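I am opening a fresh notebook page for this one. The entries below follow the order in which I looked things up.

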Amino acid sequence: MKNISNEAASLYDGVFWAYEFLTSEDEETGIVSPVKSEYIAEEPCRLSFQLISENIQSRFSGYKNMTARLFTSPSVTVKDGSFITVSQNGRTYDFVSSGEPAVYLGHQEVVLKIKNAG
């Protein structure tokens with residue numbers, strides 16, 4: 001039997017970072033604030049764009065309507081609602097994951113939405 005995970009990984013030409021927000025309390029003031037915490041760093045991946053459209057104009061500003069699919073190892077745990085940064089082909093993209101990953105034998109797929117859309 002072929003090693004499916006290794007074959008899928010041979011297609012990865014990018015890396016990604018995953019972040020979540022945790023709460024932190026200031027000891028002096030007692031104010032609780034969100035703190036961005038990295039929990040995955042430089043994990044190999046492949047980014048595939050699913051929907052790319054021209055800027056859509058609203059009354060207030062334009063924004064990009066883009067979703068993508070992140071392919072990575074099934075051994076990595078990507079949490080629902082994470083902030084994801086992907087670097088691939090000399091470009092860097094910021095996304096928010098939307099939903100639980102679809103985990104398969106040789107890879108997993110995470111649907112992403114561009115972070116600054118709408």
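**Entry 1: a histidine in a loop**

With which side chain does the side chain of His107 make a polar contact? I looked it up, and the partner is the side chain of Glu109, at 2.9 Å. This is a predicted model, so I take the distance as a computed value. His107 sits in the loop between β8 (102-103) and β9 (108-114). Setting aside residues up to four places away in sequence, I find His107 touching Ala8, Tyr12, Phe71, Thr72, Pro74 and Ala102.

**Entry 2: how far to trust the model**

I checked the confidence next. The protein chain has an average pLDDT of 83, and 81% of its residues score at least 70. Which element has the lowest mean pLDDT, and which the highest? Strand β4 (residues 62-63) is at the bottom with 47, while strand β6 (residues 83-88) is at the top with 95. The pLDDT stays below 50 over residues 58-63, and I note 8 contacts in the model for this stretch beyond near neighbours in sequence.

**Entry 3: the overall layout**

I count 1 helix and 9 strands in the protein chain. Along the sequence the pattern reads α-β-β-β-β-β-β-β-β-β. Of the 118 residues, 28% count as buried. I also looked at contacts between residues at least 6 apart in sequence: 56% of them join residues at least 24 apart.

**Entry 4: strand pairing around β6**

How many bridges join β6 to β7? The number is 6, and the two strands run antiparallel. On the β1 side, β1 and β6 also pair in the antiparallel sense, over 6 bridges. Two bridge partners went into my notes: Trp17 is matched with Thr85 in β6, and Phe83 with Val96 in β7. β6 and β7 form a hairpin with 2 residues between them.

**Entry 5: positive phi angles**

Asn89, in the turn of that hairpin, has a positive phi of about 55 degrees. I flagged this because most residues other than glycine have a negative phi. Asn89 is in the loop between β6 and β7 and counts as exposed, at 61% relative accessibility. Glu42 is not a glycine either, and its phi is positive at about 50 degrees. Glu42 lies in strand β2. Is Glu42 buried or exposed? At 55% relative accessibility, Glu42 counts as exposed.

**Entry 6: aromatic pairs**

I found 3 aromatic pairs in the structure. Why is the pair of Phe21 and Phe83 edge-to-face? The ring centres are 5.2 Å apart and the planes stand at 85 degrees, so the pair is given that label; the cut-off for it is over 60 degrees. Phe21 lies in strand β1 (residues 14-25) and Phe83 in strand β6, so this pair ties together parts that are 62 residues apart in sequence. Phe21 is partly exposed, with a relative accessible area of 44%, and Phe83 is partly exposed at 23%.

Phe49 and Tyr93 make another edge-to-face pair, with 5.1 Å between centres and 70 degrees between planes. Phe49 belongs to strand β2 (residues 32-52) and Tyr93 to strand β7 (residues 91-97), so the pair links parts 44 residues apart in sequence. Phe49 counts as partly exposed at 29%, whereas Tyr93 is buried at 18%.

**Entry 7: Phe95 and its surroundings**

I followed the rings one step further: ring pairs link Phe49, Tyr93 and Phe95 into a cluster. Phe95 is in strand β7. Is Phe95 buried or exposed? Phe95 is buried, with a relative accessible area of 0%. Not counting neighbours within four places in sequence, its contacts include Leu47, Phe49, Ala68, Phe83, Val86 and Ile114. Leu112 is in contact with Phe95 as well. The C-alpha atoms of Phe95 and Leu112 are 5.8 Å apart in space, with their positions 17 residues apart in sequence.

**Entry 8: lysines over rings**

Last look of the day. Which ring face does Lys36 lie over? That ring belongs to Tyr19, and Lys36 is 4.4 Å from the ring centre. I logged Lys79 in this entry too, lying over the face of Tyr39 at 4.6 Å from the ring centre.

Definitions and conventions:
Residues numbered from 1 in each chain as written. Predicted model: local features only at pLDDT ≥ 70, side-chain atom pairs only at ≥ 80, totals over all residues. Heavy atoms only, no water. pLDDT = per-residue confidence, 0-100. Helix = DSSP H or I, 4+ residues; strand = E, 2+ residues; numbered from the N terminus. Contact = heavy atoms within 4.5 Å. Polar contact = N/O pair within 3.5 Å; in protein donor to acceptor, adjacent residues only side chain to side chain. Phe/Tyr/Trp six-rings, centres within 6.5 Å; stacked < 30°, edge-to-face > 60°. Buried < 20%, exposed > 50% of the residue type's maximum accessible area, 1.4 Å probe, protein only. Lys NZ or Arg CZ within 6 Å of the ring centre and 35° of its normal. Pairing = 2+ DSSP bridges.
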